[in-house]
Amino acid sequence: MYKIEVDKVGVSYDEGNKRFTALSDISFTVEPGQFISIIGSSGCGKSTLLSVLGGLRMPSSGKVIIDGAPVTGPGKNRGTVFQHYSLFPWMSARNNVAFGIKHSTIKLPRKEIGNRADRFLEKVGLENFKDKYPGQLSGGMKQRVAIARALAMDTEILLMDEPFGAVDAKNRTLLQELLLKLWEGNGDDIIFPFDLTNNEPIAQPVRERKTVVFVTHDIDEAILMSDRIIMFTNSPGRISKELEVPFKRPRSRAALVQTAEYTRLRNELLTLFYKDFGSDI
Ligand SMILES: Nc1ncnc2c1ncn2[C@@H]1O[C@H](COP(=O)(O)OP(=O)(O)OP(=O)(O)O)[C@@H](O)[C@H]1O
Ligand SMILES: [Mg+2]
């Protein structure tokens, strides 16, 4: 069974007495544990699609099926990193992450929730900023808190909308590696069901890979991270191409960029991207 099935999804927005079509006839499937990236230029409907996958917006036509059931609203099996990070301004970084954990399927005693929030903030390099409020953090830091929150919730599906867009190059590289490590199930402490009667972690189960839908503007990032790349055309957004990324994992950036296959794939994506501009470029 597919983890995610997007079936002829269209989204129109009402604008006074007009209707604007943001997405048209989008169909694709995602296997359990697959990492797919969506790329396309600004305004082509990537965030709109993610909000439909998250159950925050119902499509105007078509449907999304997750684990065999139509999506009718948000669910605890999906964690989202929004493009504009969406933190609660009245909560510290730690409490923002802890809030996510409390509302996930992870059952932990209160103290462990705080510890888990701390550990994930450390993973994204914010060990000295746990008690700060969003208003006291830079854009890139806020984005890292949102990433820590989504990762700490350990959902089966991760929906990530340009999660590293506001992060500097060094942290971006570190976060890409962290995400891949957690996705591959190598996170040292991703989940451990807790026996709440004696506060003991239960033996760690064999983990399944997360299913990730990852929006990015960055072609190199998409190739590095994904199993498959879906390219959107300009508004109304439609799928122009689906490409398999054939490289074995774990991938080494340095080795990858030297292969002829990498250059070929990158050129193919760039050519598609430029086509959208028309004949001028
Ligand atoms: N709530 C809304 N009401 C009306 N139009 C909207 C709404 N949200 C998005 N749109 C329009 O839908 C189109 C797609 O927007 P969306 O945010 O999905 O694009 P995007 O691909 O995520 O762009 P970016 O790369 O800039 O984030 C845009 O033209 C936008 O103006
Ligand atoms: Mg967007």
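What follows is a walk through this structure, from a metal site and a sheet to charged pairs and aromatic rings. Keep in mind that the model is predicted.

Let's start at the metal. Ligand 2 is a magnesium ion, and two side-chain atoms coordinate it: OG of Ser47 and OE1 of Gln83, at 2.0 to 2.2 Å. Where do Ser47 and Gln83 lie? Ser47 belongs to helix 1 (residues 46-53), while Gln83 sits in the loop between strand 6 (78-81) and helix 2 (93-102), so the two of them tie together parts of the chain that are 36 residues apart in sequence. Neither end of this pair is labelled buried: Ser47 has a relative accessible area of 29%, which makes it partly exposed, and Gln83 is partly exposed too, at 27%.

Now stay with helix 1 and look at the sheet beside it. This is an open sheet of 4 strands, in the order 2-1-4-5, with antiparallel pairing. The edges are strand 2 (18-30) and strand 5 (69-70), each of which pairs on one side only. Helix 1 packs on this sheet, where it touches strand 1 (4-15), strand 2 and strand 4. Its direction makes about 120° with that of strand 1. As for the edge at strand 5, 2 bridges join it to strand 4, and the two run antiparallel. If you want a residue to pick out there, Ile65 stands opposite Pro70 in strand 5. As a general reminder, strands of a sheet pair through backbone hydrogen bonds, either parallel or antiparallel.

Between helix 1 and strand 4 (61-66) there is a loop, and Leu56 has its place in it. What does Leu56 touch, once neighbours within four places in sequence are left aside? Its contacts are Ser51, Pro74 and Phe82. You can also relate Leu56 to Val71, which is 15 residues away along the chain: their C-alpha atoms are separated by 9.7 Å.

Next come the charges. The structure holds 18 salt bridges, and a few are worth a look. One of them joins the side chains of Asp7 and Lys8, with an N to O distance of 3.7 Å. Asp7 is partly exposed, at 26% relative accessibility, whereas Lys8 is exposed, at 52%. Another links Asp14 with Arg19, where the closest N and O atoms are 2.7 Å apart. Asp14 counts as exposed, with 56% relative accessibility.

Further along the chain, Glu242 and Arg228 form a salt bridge whose closest N and O atoms are 2.3 Å apart. Which elements does this pair connect? Glu242 lies in strand 12 (residues 239-244) and Arg228 in strand 11 (residues 228-232), so the bridge ties together parts 14 residues apart in sequence. Is Arg228 buried or exposed? Arg228 is buried, with a relative accessible area of 6%, while its partner Glu242 is partly exposed, at 38%. There is also a network here: Lys241, Glu261, Arg264 and Glu268 are joined by salt bridges that share partners.

Finally, the rings. A search of the whole structure turns up 6 aromatic pairs. Take Phe35 and Trp183: their ring centres are 5.6 Å apart and their planes meet at 85°, so the pair is edge-to-face, a label that needs an angle over 60 degrees. This pair links distant parts of the chain, since Phe35 is in strand 3 (residues 35-39) and Trp183 in helix 5 (residues 169-183), 148 residues apart. How exposed or buried is Phe35? Phe35 is buried, with a relative accessible area of 0%, and Trp183 is buried as well, at 0%.

Set against that the pair formed by Phe88 and Trp90, which is tilted, with 5.1 Å from centre to centre and 40° between the planes. Here Phe88 is partly exposed, at 26%, and Trp90 is exposed, with a relative accessible area of 60%. Back at the buried pair, Phe35 and Trp183 also belong to a wider group: ring pairs link Phe35, Phe164, Trp183 and Phe214 into a cluster.

Key: Residues numbered from 1 in each chain as written. Chains lettered and ligands numbered in written order. Predicted model: local features only at pLDDT ≥ 70, side-chain atom pairs only at ≥ 80, totals over all residues. Heavy atoms only, no water. Donors = N, O, S within 2.8 Å, 3.2 Å for Na, K, Ca; no water. Buried < 20%, exposed > 50% of the residue type's maximum accessible area, 1.4 Å probe, protein only. Contact = heavy atoms within 4.5 Å. Pairing = 2+ DSSP bridges. Axes fitted to C-alpha atoms, helices over the stretch in contact; angles between N-to-C directions. Salt bridge = Lys/Arg side-chain N within 4 Å of Asp/Glu carboxyl O. Phe/Tyr/Trp six-rings, centres within 6.5 Å; stacked < 30°, edge-to-face > 60°.
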